[in-house]
Each structure stands twice: as structure tokens, then as C-alpha cells.
Amino acid sequence: MVIRAVVFDCDGVLVDSEPHSAAAWVAVLGSRGHRATTADVADCTGLGYTATYEHLAAVDPSVALPPPEALWPEVHAALAASFDRGLEVFADAAACVTYLAFAGVPLAVASSSRRERLDLTLEHSGLGRYFAVAASGDEVEHGKPAPDVYLLAAERLGVPPEDCLAVEDTGHGAASAVAAGMRVVGVARNPAEAGRLLGAGAALVNRLDPWVLRTLL
């Protein structure tokens, strides 16, 4: 198998956005008297917006929430405000992305996030210019762990999925990339995800190293 392109997940791989997401959800739901906690949001890591909404709504069914489409502008606004206060870019991910980009390797992002959120995240990270294409959760029928978003990223790159290497940080994401036919490197930023990454078929690393990724190409 010859690897011709690399497809990165975004949240948790490129940027430490999960605390921002948790804070945004808890603030928006809490303003309605909902009892969701940051731990409840953490249970949704790797899932898209609608799946996260459904999970959190079930945490406190005594509170009637607006439909997901009606709630989205509030969640997005809270997230944007949190990003404005500072979004951490993982240094190892930035090193890998810039190294591979300057080496001429085609790069893509495949995220469970909605396109509006993905664009916001890439803008704040400063990494967006290195990616030839991006695919988001609201552009496909089925979110991770289904393969749809990785298949879309490969299609937009013009590279067969089996010739792509995926970089993930969750079991859901790794399962999605494996189902698409890609090899997967799993970066265990959250130790709780290490077993899930391995179980999904990812090669596990503790941090991203551009030289290691380069040897796989």
C-alpha cells in the first residue's frame, strides 16, 4: 500500500477545542436550566452536532430544549466567543501539517463538526491554508463512526481511500477511517481513548511526529 495523502481529524488532533466545546454546551444548556455537565459533553467526543445534542438532551429530559437547528446559532456563538479567548493548537500537529505540506503531500481535514464550526476552528488555528480540502459532518448522510466523511475527503482530494493515511484521536473517528479503507494513526491525547483507538485498528502513538508519518508515505 502506497500512502499518497494524509487526512487529519480536527478537534482533538489539530487543536485542543474540546474544553471550548464543553464550556459552550454547558453554558447554553445551563441557561435553560438543563443539568448537563462537562463530563456529559466529554462522552460525546468524536460525535457530530446532532448526535451530541441528542445525547445531552437525554441527560436531563425534564427540560424541553429547542430543536437542534434552532439551538445551533447559540452554541456556535458561545463557541466562537470561547475561541476568541484563545484556542490552543497542538504543537506536534502543527509541525506535522507544515512539514507534510511543504513536502508536497496532499492534506485534508475530515471532521464530525458542522462546516461552519470547522471553518471557524481552522481560521483560529492558522492551519487552514495547508489543507487542500475539508469535509464536515453536515456534508454527509452518516457521521463518524460511519465512513462517509473520510470517503468524501478522499473524493475531494482525488485520491483513493486506500491510498490515504488518517490521523485520529478517538475510537469513533478511527473506526470511521478504517471503514473507509484507510490506514490510521491514533494519537492518544486522552488516555481513556487509547484502548478504543487500538480496538478500532489504529496504530497508537503518544504524540505526532512528522518523521514517523513521513516514513509511512
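Which helices each supply at least two residues of the lining of the largest pocket? In this predicted model, select helix H1 (18–30), helix H2 (38–42) and helix H8 (171–179), since these are the elements that each make such a contribution.

With the helices displayed, turn to the pocket itself, which holds about 400 Å³ of space. Its lining comprises 20 residues, and those closest to the centre, which make a convenient next selection, are Ala42, Thr45, Thr170, Asn190 and Glu193. Colouring the lining by class gives 7 nonpolar, 6 polar and 7 charged residues. If you then colour by domain, you will find that domain 1 (5–16 + 87–216) and domain 2 (17–84) both give residues to this lining, so the largest pocket lies between them.

Next, select Gly48, Tyr49, Thr50, Gly137 and Gly143, which lie nearest the centre of the second largest pocket, among the 16 residues that line it. The volume here is about 200 Å³, and the lining divides into 4 nonpolar, 7 polar and 5 charged residues. Because domain 1 and domain 2 both contribute to the lining, the second largest pocket also lies between them.

Finally, move to strand E2 (residues 107–110), where Leu107 and Val109 on one side and Ala108 and Ala110 on the other are all buried, leaving both faces covered. Strand E1 (residues 5–8) runs parallel to E2 and is joined to it by 3 bridges, with Phe8 standing opposite Val109. Strand E3 (residues 133–135) also pairs with E2 in the parallel sense, over 3 bridges, and Ala110 stands opposite Ala135 there. Following the chain from E2 through helix H6 (residues 115–125) to E3 traces a right-handed β-α-β crossover.

Definitions and conventions:
Residues are numbered from 1 along each chain as its sequence is written. This is a predicted model: local features need pLDDT of at least 70, side-chain atom pairs count only at pLDDT 80 or more; totals for chains, interfaces and linings use all residues. Side-chain values use heavy atoms; hydrogens and water are left out. On a 1 Å grid over the protein atoms alone, a cavity is a set of points where a 1.4 Å probe fits but cannot get out, and a pocket is an open set with protein on both sides within 12 Å along at least five of seven lines; lining residues have an atom within 4 Å of a point. Grid points are joined across faces, edges and corners, and a volume is the space filled by probe spheres set on the points. Helices (H or I, at least four residues) and strands (E, at least two) are DSSP runs, numbered from the N terminus. Ala, Val, Leu, Ile, Met, Phe, Trp, Tyr, Cys and Pro count as nonpolar, Asp, Glu, Lys and Arg as charged, and the others, Gly among them, as polar. Domain bounds come from an automatic or database domain assignment. Buried means under 20% relative accessible area, exposed over 50%, partly exposed in between (1.4 Å probe, protein chains only). Two strands pair if DSSP finds at least two bridges between them. A crossover is right-handed if, with the strands pointing away from the viewer, the path from the first strand over the helix to the second runs clockwise.
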